[in-house]
Each structure stands twice: as C-alpha cells, then as structure tokens.
Amino acid sequence: MATDSITRLVNAAVACFAEHGRQTTMEDVAARAGVTRRTLYRAFPDRRALVEAVAIARLDQALQKVRPLIEAQQHLADALVTGF
C-alpha cells in the first residue's frame, strides 16, 4: 500500500481516537478514511498494529518539533535536558 494511503489511514485513526477514545473501532477508522474495512485490514492486520502506527506517527510529530532545539545544543547533557 502506498505511503499516502497509509498516512491517510493513520490520520483517520488519530481523528477517531481523539473523538471516540478507546472505543474507536476499525470500522470507525475505515469510515473516516473513506475506505472499506478490508482495505484498512490490508494495511493494518489488527487493531494493535493500527494503534502502534498511530503512536509512532504521534511520536514522530513530537520529535520533528523538538529536533531543531536539540540539534542547537553543543553538549549532550544540554541536548538531553532540552529534549525532555
């Protein structure tokens, strides 16, 4: 499956989790993304895989924001403090 399609599914899942919390179903995500459940399951074989992809995407977004601040530090200790 293409990266754009995966991104669309993950973004739909993020929106569903924000709206419905832990009660979000695979059907909710598929509907939000405008795809069938079968298509969603082709990309993510189970709910756990989808939740992991959402967590990784959210972590990556956070790292993108903090990366320039960390890289601006000259010492490892300062970079670690800034990162946290």
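Is Leu50 buried or exposed? Keep that question in mind as you open this predicted model, and begin by selecting Leu50, which you will find in helix H4, the helix that runs over residues 47-71. Leu50 has a relative accessible area of 1%, and because buried means under 20% relative accessible area, Leu50 counts as buried.

**Around Leu50**

Now add the residues that Leu50 touches, leaving out residues up to four places away in sequence: they are Ala13, Met26, Val29 and Phe44. Take Met26 from that set and set it beside Leu50, since the two are 24 residues apart in sequence, while their C-alpha atoms are 8.7 Å apart in space.

**Helices H1 and H2**

Next, select helix H1, residues 3-20, together with helix H2, residues 26-33, and turn the view until you can follow both of them. Two packed helices are described by the angle between their axes and by the distance between those axes. Here H1 and H2 pack at an angle of about 120°, and their axes are 8 Å apart, which makes H1 oblique to H2. The crossing in which H1 passes H2 is right-handed.

To see which residues make this contact, show the side chains of Arg8, Leu9, Ala12, Ala13, Ala15, Cys16, Glu19 and His20 on H1, and then those of Asp28, Val29, Arg32 and Ala33 on H2. If you colour the residues of this contact by kind, they divide into seven nonpolar, one polar and four charged.

**The loop between H1 and H2**

Move next to Thr24, which is found in the loop between H1 and H2. Thr24 is buried, with a relative accessible area of 2%. Which residues is Thr24 in contact with, leaving aside its neighbours within four places in sequence? They are Cys16, Phe17, Val29 and Arg47. Look closely at the side chain of Thr24, which reaches the backbone oxygen of Cys16 at 3.0 Å, and then look for the backbone oxygen of Gly21, which lies 2.8 Å from a polar atom of that Thr24 side chain.

**Last stop: Pro68**

Finally, return to helix H4 and select Pro68, which lies in that helix. Pro68 has a relative accessible area of 48%, and is therefore described as partly exposed. If you also select Ser5 and draw a line from C-alpha to C-alpha, you will find that Pro68 and Ser5 are 28 Å apart in space and 63 residues apart in sequence.

Notes:
Residues are numbered from 1 along each chain as its sequence is written. This is a predicted model: local features need pLDDT of at least 70, side-chain atom pairs count only at pLDDT 80 or more; totals for chains, interfaces and linings use all residues. Side-chain values use heavy atoms; hydrogens and water are left out. Axes are lines fitted to C-alpha atoms, for helices over the stretch in contact, and angles run from 0 to 180 degrees between N-to-C directions. Helices (H or I, at least four residues) and strands (E, at least two) are DSSP runs, numbered from the N terminus. Angles under 35 degrees count as roughly parallel, over 145 as roughly antiparallel, 65 to 115 as roughly perpendicular and the rest as oblique. A crossing is left-handed if the near helix is turned anticlockwise from the far one by less than a right angle, and right-handed if clockwise. Contact means heavy atoms within 4.5 Å. Ala, Val, Leu, Ile, Met, Phe, Trp, Tyr, Cys and Pro count as nonpolar, Asp, Glu, Lys and Arg as charged, and the others, Gly among them, as polar. Buried means under 20% relative accessible area, exposed over 50%, partly exposed in between (1.4 Å probe, protein chains only). A polar contact is a pair of N or O atoms within 3.5 Å; within protein, one must be able to donate a hydrogen and the other to accept it, and residues adjacent in sequence count only if both atoms are side-chain atoms.
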